[in-house]
Amino acid sequence: MKTKILSNEKIASGIYKLVYEWKGGIPSPGQFVMVDCKGKTFLKRPISVCSVDDKSMTIVYQVKGEGTKNLSEMKKGDTIEVTGPHGHGFELYEDKNVLIVGGGIGIPPLLYLAKKIKAKNLYIALGFKSEIFLVEEFKNLGEVIVTTEDGSFGKKGMVTQGIEDIIDKIDIIYGCGPKPMLKILQDISLKNNIPCQISVEERMACGIGACLVCACKVKKDGGFEYKRVCKDGPVFWAEEVEF
Ligand code: FES
């Protein structure tokens, strides 16, 4: 649908928060929208939903190429084309001790998850290279542990360090971030026998399951098969993903 931009602001180096009018379907946490970024690139970009209400939707994106650069230059009042919500989001369970783990641009969809999940206790581990973003929004929702690779904020190191200290309190883990981080979450989940859902990022073209550009290798009966990140994911159980 065509929709009007309400704001488009830079919140960290190369990271923008875009709010637009939204009268479409309400996504579940982990689902994404396809955004037409204009320019020579004709493909729409998949961007996860960061928050939504009955009038507007917010997405947070990183400028990575021509399309997202175009998007970053759009202003309040401009019109953009957004479709969705698409994909299979996180499965939510009530009254559990929940650990959410986010790395970099994988963090925004976890804000929507943290708002929606009805946890007994919510622990939120957020990892950044250097500059932080969205941390204040998470602080009202649970116990937040911030890590930066260069030590500029919070603890110095990787977001997955320190998880082992609280792991025996946790019933379920949710993660979104770079592949090496997701692989570590998979290892932690298997080692401690704690269910874990991860949101996998992959290049996309159609975004609706028709082109197979977004194939992701998953384990099946001692072998493997390919699933579509846009339709079967982007959220999978960590134990099924083949890294
Ligand atoms: Fe086309 Fe997933 S992007 S099948």
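What is the order of the strands in the open sheet of seven strands? Let's find out in a short tour of this predicted model, one close-up at a time.

**View 1. The open sheet of seven strands.**
The strands follow the order β10-β9-β8-β7-β11-β12-β15, and their pairing is mixed. At the edges are β10 (155-156) and β15, each of which pairs on one side only. Strands of a sheet pair through backbone hydrogen bonds, either parallel or antiparallel. Both partners of β11 in the views below are of the parallel kind: β7 (residues 97-103) is joined to β11 by five bridges, and β11 is joined to β12 by four.

**View 2. Strand β11, covered on both faces.**
Here we zoom in on β11, which spans residues 172-176. Five of its five residues are buried, so the strand is largely enclosed by the rest of the structure. In a regular strand the side chains alternate between the two faces of the sheet. On one side of β11 you will find I172, Y174 and C176, and on the other I173 and G175; all of these are buried. To find your way to the neighbouring strands, look for facing residues. V98 stands opposite I172 of β11. Towards β12, Y174 faces Q197, while G175 faces I198.

**View 3. Helix α5 between two strands of a β-α-β unit.**
Follow the chain from β11 through helix α5 (residues 179-192) to β12, and you have traced a right-handed β-α-β unit. The helix has 14 residues, which at 1.5 Å a residue should span 20 Å, and its end C-alpha atoms are indeed 20 Å apart. Its buried residues are M181, L182, I184, L185, Q186, I188 and S189. Among the elements covering these buried residues are β7, α4 (163-166), β11 and β12.

**View 4. I198 and the largest nonpolar core.**
This core has 67 residues, and those touching the most other members are I59, I100, A125, L185 and I198. Let's pick I198 as our guide. Beyond its neighbours within four places in sequence, I198 is in contact with G175, C176, L182, L185, F236, A238 and V241. One of these contacts, L185, is also a buried residue of α5. Another, G175, is the residue of β11 that stands opposite I198.

**View 5. Four cysteines annotated as a binding site.**
The unreviewed UniProt entry carries the annotation "binding site" for C206, C211, C214 and C230. These residues are spread over 25 residues of sequence, yet they cluster in space, with a largest C-alpha distance of 10.0 Å. C214 sits in the loop between β12 (196-199) and β13 (215-220). C230 belongs to another stretch of chain, the loop between β14 (223-228) and β15 (235-237). Why does C214 count as buried? It has 25 other C-beta atoms within 10 Å, and 20 or more are enough to make a residue buried. C230 is buried as well, because it has 27 C-beta neighbours inside 10 Å. Leaving out residues up to four places away in sequence, C214 touches E202, R203, M204, R228, V229 and C230. With the same kind of neighbours left out, C230 touches P46, H86, G87, M204, G207, I208, G209 and C214.

**View 6. Two cis peptide bonds and two positive phi angles.**
Most residues other than glycine have a negative phi, and most peptide bonds are trans. This last view gathers some places that depart from that pattern. The peptide bond from G84 to P85 is cis, with omega near 0°, and P85 lies in strand β6 (residues 79-86). G233 and P234 are also joined by a cis peptide bond, with omega about 10°; P234 is found in the loop between β14 and β15. L134 is not a glycine, but it has a positive phi of about 65°. You can spot L134 in the loop between β8 (121-128) and α3 (135-139). N193, just after α5, takes a positive phi of about 60° and lies in the loop between α5 and β12. Are these two residues buried or exposed? L134 is buried, with 20 other C-beta atoms within 10 Å, whereas N193 counts as exposed because it has 6 C-beta neighbours inside 10 Å.

Methods:
Residues are numbered from 1 along each chain as its sequence is written. This is a predicted model: local features need pLDDT of at least 70, side-chain atom pairs count only at pLDDT 80 or more; totals for chains, interfaces and linings use all residues. UniProt positions are given in the numbering used here, feature names are shortened, and annotations may be inferred rather than shown by experiment. A residue is buried if 20 or more other C-beta atoms lie within 10 Å of its own, exposed if 12 or fewer, and partly exposed in between; C-beta atoms are placed from the backbone. Two residues are in contact if their C-beta atoms, placed from the backbone, lie within 7 Å. Two strands pair if DSSP finds at least two bridges between them. A crossover is right-handed if, with the strands pointing away from the viewer, the path from the first strand over the helix to the second runs clockwise. A nonpolar core is a set of buried Ala, Val, Leu, Ile, Met, Phe, Trp, Tyr and Cys residues joined through C-beta atoms within 7 Å. The expected span of a helix is 1.5 Å times one less than its number of residues.
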